[in-house]
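I am opening a notebook page on this protein chain. I want its strands first, then its helices, then the overall numbers.

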Amino acid sequence: MNRQDLSWKAKLKFAIDQVVKESNDFENFLKKCRLHNIEVVYNPEHVIDLKFRLDGQKKFARARTFGRYYESKQISRRIAMYKSIMTYTLKTDIICTDKMQFSSGLECWADIKNMQEASRVINILTKYKIENNEHLESVALTDYSKIGALSEQLNSLNT
């Protein structure tokens, strides 16, 4: 059924995965589920706290029946994971010299290390023929979309 694209579970799992990728937190996930035509019943006081249903389905499906990956705590972790991937963190080892004003030796050492790091970054940029900031942004976005497509293929292979 899954290979013929007739499985309602596969369709629902795919829809939930898409909503997880778009959400900022669990509350936002619940709102976006409704926008994607997924009915959600969330009651944290019950043992079975999360149920899903696509439009046209008769019964709700418990999150637990899809596996641990679709339970509320795990969905919260997945959202946090996707959110941390999407945010940019500085990956260079530039040393701040503001606090080294009293030691000329440390300041000289930090300047040398910063020049080495700048040289490393310039070498990487020239290796990939990056000319300006806009070009760097477009290359990064295309590579990020390739990573997303590969992770979706991996997820489909895992299922």
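**Entry 1: strand pairing.** I began with E1, residues 38–42. It runs antiparallel to E2, and 5 bridges join the two. This is a predicted model, so every entry here describes a prediction. I looked up one position in this pairing: Val-41 stands opposite Lys-51 of E2.

**Entry 2: the other partner of E2.** I then followed E2 to E3, residues 61–62. These two strands also pair in the antiparallel sense, over 2 bridges. Here I noted Phe-52, whose bridge partner in E3 is Ala-61. What do E2 and E3 form, and how many residues lie between them? They form a hairpin, with 6 residues between the strands. I checked the backbone in the turn and found Gly-56 with a positive phi of about 100 degrees.

**Entry 3: cover on E2.** Is E2 mostly covered or mostly open? I find it mostly covered: of the 5 residues in 50–54, 4 are buried. I set the cut-off beside this count, since buried means under 20% relative accessible area. In general, side chains in a regular strand alternate between the two faces of the sheet.

**Entry 4: helix H2.** Next I looked up H2, residues 26–35. Which of its residues are buried? I list Phe-26, Asn-28, Phe-29, Leu-30 and Cys-33. A general reminder for reading such a list: an α-helix has 3.6 residues a turn, so residues three or four places apart point the same way. After H2 comes Asn-37, and I read its phi as positive, near 60 degrees.

**Entry 5: order of elements.** I stepped back to the full chain. I count 6 helices and 3 strands. From the N terminus the order is α-α-β-β-β-α-α-α-α.

**Entry 6: overall dimensions.** I compared the radius of gyration with the globule rule. The chain has 23 Å, whereas a compact globule of 159 residues would have a value near 15 Å. Along the principal axes, the C-alpha trace spans about 75 × 40 × 25 Å.

**Entry 7: burial and contacts.** I took the burial count for the chain: 23% of the 159 residues are buried. I also checked contacts between residues at least 6 apart in sequence. Of these, 33% join residues at least 24 apart.

**Entry 8: surface and charge.** I noted an exposed area of about 12,200 Å², of which carbon and sulfur atoms supply 56%. Last, I looked up the charges: there are 26 positive and 20 negative ones, and their mean positions are 11 Å apart.

Note on methods:
Residues are numbered from 1 along each chain as its sequence is written. This is a predicted model: local features need pLDDT of at least 70, side-chain atom pairs count only at pLDDT 80 or more; totals for chains, interfaces and linings use all residues. Side-chain values use heavy atoms; hydrogens and water are left out. The radius of gyration is taken over C-alpha atoms; the globule rule is 2.2 Å times the number of residues to the power 0.38. Buried means under 20% relative accessible area, exposed over 50%, partly exposed in between (1.4 Å probe, protein chains only). Contact means heavy atoms within 4.5 Å. Accessible areas come from the Shrake-Rupley method with a 1.4 Å probe; for residues, only the protein chains shown count as cover. Lys and Arg count as positive and Asp and Glu as negative; His and the chain ends are not counted. The place of a charge is taken as NZ of Lys, CZ of Arg, CG of Asp or CD of Glu. Two strands pair if DSSP finds at least two bridges between them.
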